[in-house]
Each structure stands twice: as structure tokens, then as C-alpha cells.
Amino acid sequence: MKLTDEQLAQFKENGFLILPKFVSDGQCEAILDIAKAHLKHRIEPIETEIGYDAKSKEYRTEVADYCSMPQEEDAPVRRLRQVYSRDVVFKEWMEDEKIRPILEQVLNDKVVITLAHHNSIMTKLPYVSTQTKWHQDRRYWRYSNDNLVSIWLALGEEYNANGVLEFIPGSHRMKFDENQFDEKEYFKDDLPKNQELIKTKMSYNLHKGDVVLFHCSLLHRANKNDTDTPKISFVYTVKGMSTSALANTRSSEYPEIIL
Ligand SMILES: O=C(O)CCC(=O)C(=O)O
């Protein structure tokens with residue numbers, strides 16, 4: 001399966017693209033079943049809601065051994081990390097052959113999965129989850145260039161009240177000043193200049209099986225989950241073959257899978 005010229009132009013222009021109903025209900029259910037068991041039993045490595053905001057920039061950039069701490073024992077889980085090696089259902093989706101020609105088109109290169117960063121089941125538990133502030137994913141990623149794209153798979157309904165992704169279209173092509181970001185590299189939402197841009201944000205309700213491709217420099221955020229039902233999604237990242245992780249950074253500490 002390939003993108004039309006129009007879809008590819010849309011991705012290049014906006015920095016994101018939705019592929020509606022790309023994954024079957026059966027495959028989503030299989031992923032969900034395993035994800036729920038790992039979430040229930042808190043199988044490490046996990047990131048908790050406490051761990052998410054408490055870690056310093058240095059920790060996120062440099063530390064490869066990224067499990068929760070003993071003091072996070074009761075904290076709500078935010079993501080299951082390193083899912084590629086947890087179960088074949090996760091691996092199968094990440095190596096899916098149907099999406100590969102599309103990834104080749106958006107990367108304009110051979111496709112390589114990077115296991116160092118997004119390689120996760122993301123969860124937003126009812127009420128106890130937190131919002132994700134405006135950011136670019138590449139903030140803690142260290143590569144020779146920014147030819148990296150994330151693949152988000154909705155495993156259920158995603159909408160404003162349960163924390164669907166919001167994007168600032170075209171922001172992956174913009175140059176920003178350092179002072180537009182705070183010390184944790186979140187895009188400041190109290191700066192008038194940033195607020196003007198934030199007004200242009202876009203988001204779309206997602207349904208089970210919908211896939212969103214988004215560029216690693218695209219500004220995005222998400223609400224906390226204000227509904228009674230957990231929201232569970234899958235996200236992984238690919239890079240172009242000619243993009244390399246910088247030595248001695250967290251980005252180079254995990255294997256890469258050449259597809
Ligand atoms: O689901 C969310 O809160 C957004 C996750 C996200 O943007 C990220 O982990 O980079």
C-alpha cells in the first residue's frame with residue numbers, strides 16, 4: 001500500500017497524516033489483550049505519571065536503564081516501554097509489511113525501527129493521568145538529522161476528553177528560538193508569540209485501528225483523560241537508514257531493526 005501524491009504532500013506540509021482504519025479490529029484486540037495484562041501486572045520497564053514529569057533532561061537524554069523507581073510503586077502507569085521485545089503481537093505490528101512502503105515514502109529512505117525511544121504502549125488512565133504539554137519528540141533524541149517519524153495506533157476511541165493528540169500543523173518546518181521553550185524543552189504556552197501559533201492547532205477524533213504518522217519535530221500535546229475508561233494506544237518510531245544515532249547518547253544505547 002502506498003500514499004497518494006496528495007497524501008504525501010499533506011504529510012510534508014502538515015507534519016502529520018491520518019490513515020483511517022489501517023489496522024483490523026482483530027489485530028487491535030490482540031495487541032490490547034497483551035497490553036492490558038502487562039499494564040495490570042506493571043511489567044517493567046514502565047514509565048509512571050510521577051516518573052514522566054520528575055526526570056531531568058539529562059536523565060531522559062542519557063539514561064538507558066529506564067525503569068520506574070521503588071517510590072513510584074503505586075503511581076499510575078503512563079507507558080509500557082520497550083514493547084518490541086515483550087510479545088510477538090507488538091513486534092508484528094512494528095514490522096508490518098503493509099505500512100512499510102508508506103514509511104519509505106515519508107522518510108524517503110530505507111526504514112529502520114529505533115527501539116530507544118517510542119517503542120511503547122501509551123496509556124491514559126481515567127482521571128489520574130496527566131496532560132502532555134506542547135513538545136517536539138526530538139527534544140530528548142540525539143540523531144544526525146530529524147528524519148524520524150512516529151507511528152501512533154489508536155486501539156480504541158480517542159477524542160478531546162480522553163486525551164487525543166493535538167498538533168500544530170507545519171511546526172516541523174519552523175525554526176524556533178531557544179527562549180520559546182522552558183527548561184524541560186516544553187514549548188511555553190504563556191508566551192504571546194507561542195500562543196498565536198498554538199491557536200492554529202488541529203486534532204481529529206480517532207477510532208480503533210486508525211494510524212497517525214507524525215514527524216519528530218512536530219509540536220504536539222494531549223489532554224489528560226477525563227472519562228471513565230482507560231485510553232490505550234501504541235506508538236513506535238522509525239528513522240531513515242542514513243540517519244544515525246549520536247554516539248554516547250541514549251539514542252544509541254538500543255538496537256535498531258532494519259526493515
Ligand atoms: O498521549 C499523550 O499524552 C501524548 C504522548 C506524547 O506526545 C509523547 O509521549 O511524546
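Trainee: Why is E185 called partly exposed?

Mentor: E185 has 16 other C-beta atoms within 10 Å, and because a residue is buried with 20 or more other C-beta atoms within 10 Å of its own, exposed with 12 or fewer, and partly exposed in between, with C-beta atoms placed from the backbone, E185 is partly exposed. This is a predicted model, in which local features need pLDDT of at least 70, side-chain atom pairs count only at pLDDT 80 or more, and totals for chains, interfaces and linings use all residues. Residues are numbered from 1 along each chain as its sequence is written.

Trainee: What makes the phi of E185 worth a remark?

Mentor: Most residues other than glycine have a negative phi, whereas E185, which is not a glycine, has a positive phi of about 70°. R42 is not a glycine either and has a positive phi of about 50°; R42 is partly exposed, with 15 other C-beta atoms within 10 Å.

Trainee: Which peptide bond is cis, and how do you know that?

Mentor: The bond joining E44 and P45 is cis, with omega about 0°, while most peptide bonds are trans.

Trainee: What makes the shell around the ligand 3 nonpolar, 3 polar and 1 charged?

Mentor: The residues around the ligand, with a C-beta atom, placed from the backbone, within 6 Å of it, are M122, T132, D137, G163, L165, H220 and A222. Because Ala, Val, Leu, Ile, Met, Phe, Trp, Tyr, Cys and Pro count as nonpolar, Asp, Glu, Lys and Arg as charged, and the others, Gly among them, as polar, the shell divides into 3 nonpolar, 3 polar and 1 charged.
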